[in-house]
Amino acid sequence: MVENNELRKVGLKVTLPRVKILQMLDSAEQRHMSAEDVYKALMEAGEDVGLATVYRVLTQFEAAGLVVRHNFDGGHAVFELADSGHHDHMVCVDTGEVIEFFDPEIEKRQKEIVKERGFELVDHNLVLYVRKKK
């Protein structure tokens, strides 16, 4: 029922594929999922939703502000629900794993740098590309 309200709130018609995809994104252990990940998870759950439908619905969700699309270097687009506050990302270059983090010192320093140069920070996206130490 929460999914139905979320869809209506952003002006989207409540359809079974939209509800199933929103439920999948909400309940998935993995917070950053590609369209293919969502499709595979739906298939494993016995849901009959086509890959083209998943792509179309995720694009609609992005336009409506329900999900955020990330295009990390060297990879395909991944989506996450837009329900959490600001955070930055680390992407493991070996595994593709996406790790979220928030650091108040980094946030503070970015604002200072922008202000020192006579600008106002409108938005930002920090992505660190990392590898496990051996």
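Two strands count as paired if DSSP finds at least two bridges between them. Keep that in mind for the sheet later in this tour. The model on your screen is a predicted one.

**The whole chain**

Start with everything shown as a cartoon. The protein chain has 5 helices and 5 strands, and along the sequence they follow the pattern α-α-α-α-β-β-β-β-α-β. Its C-alpha atoms fill a box of roughly 50 × 40 × 20 Å along the principal axes. Of the 134 residues in the chain, 31% are buried. Now think about contacts between residues at least 6 apart in sequence: 44% of them join residues at least 24 apart.

**Stop one: helix α3**

Select residues 35-44, which form helix α3. Which of its residues are buried? Colour Ala35, Val38, Ala41 and Leu42, and you have them. Look down the axis of α3: the buried residues fall within an arc of 130°, so they line one face of the helix. An α-helix has 3.6 residues a turn, so residues three or four places apart point the same way.

Turn to the face of α3 that points away from the buried side, and you will find the exposed residues Lys40 and Glu44. Then bring up what covers the buried residues of α3, including α2 (16-27), α4 (51-64) and β2 (78-81). Before moving on, click on Gly46, which follows α3 and has a positive phi, near 80°.

**Stop two: the three-stranded sheet**

Next, select β4 (98-101) and β5 (127-130), together with β3 (residues 88-92). These make an open sheet of 3 strands in the order β4-β3-β5, with mixed pairing. Why do β4 and β5 each have one side without a neighbour in the sheet? Both stand at the edges with a single partner strand, so one side of each is left free of a neighbour there. From one strand to the next, the twist averages 25°.

Strands of a sheet pair through backbone hydrogen bonds, either parallel or antiparallel. Zoom in on β3 and you can follow its two pairings:

- With β4, β3 pairs in the antiparallel sense over 4 bridges.
- With β5, β3 pairs in the parallel sense, also over 4 bridges.

Now pick out residue pairs across the strands. Asp88 stands opposite Phe101 in β4, His89 stands opposite Glu100, and Met90 stands opposite Ile99. On the β5 side, Val91 has Tyr129 as its bridge partner. Is β3 mostly covered or mostly open? Mostly covered, with 4 of its 5 residues buried.

**Stop three: the hairpin turn**

Stay with β3 and β4, which form a hairpin with 5 residues between them. Select Gly96 in the turn, where phi is positive at about 80°. Then select Glu97, which sits in the loop between β3 and β4. Glu97 counts as partly exposed because its relative accessibility is 43%, and the partly exposed class runs from 20% to 50%.

What does Glu97 touch? Leaving aside neighbours within four places in sequence, Glu97 is in contact with Met90, Val91 and Cys92. Try the distance tool on Glu97 and Gln30 as well: they are 67 residues apart along the chain, and their C-alpha atoms are separated by 9.6 Å.

Step along to Val98, in strand β4. Not counting residues up to four places away in sequence, Val98 touches His32, Phe72, His89, Met90 and Val91. Val98 and Gly85 are 13 residues apart in sequence, with 16 Å from C-alpha to C-alpha.

**Last stop: a pocket**

Gly85 also leads to the end of the tour. Switch on a surface view and look for the second largest pocket, which holds about 210 Å³ of space. Which residues come closest to its centre? Among the 14 residues that line the second largest pocket, they are Val68, His70, Gly85, His86 and His87. To see which elements contribute, highlight β1 (67-70) and β2: these are the elements that give two or more residues to the lining.

Terms used: Residues numbered from 1 in each chain as written. Predicted model: local features only at pLDDT ≥ 70, side-chain atom pairs only at ≥ 80, totals over all residues. Heavy atoms only, no water. Buried < 20%, exposed > 50% of the residue type's maximum accessible area, 1.4 Å probe, protein only. Arc of directions from axis to C-beta. Contact = heavy atoms within 4.5 Å. Axes fitted to C-alpha atoms, helices over the stretch in contact; angles between N-to-C directions. 1 Å grid on protein atoms, 1.4 Å probe; cavity = no way out; pocket = protein on both sides within 12 Å on 5 of 7 lines; lining within 4 Å. Points joined across faces, edges and corners; volume = space filled by probe spheres on them.
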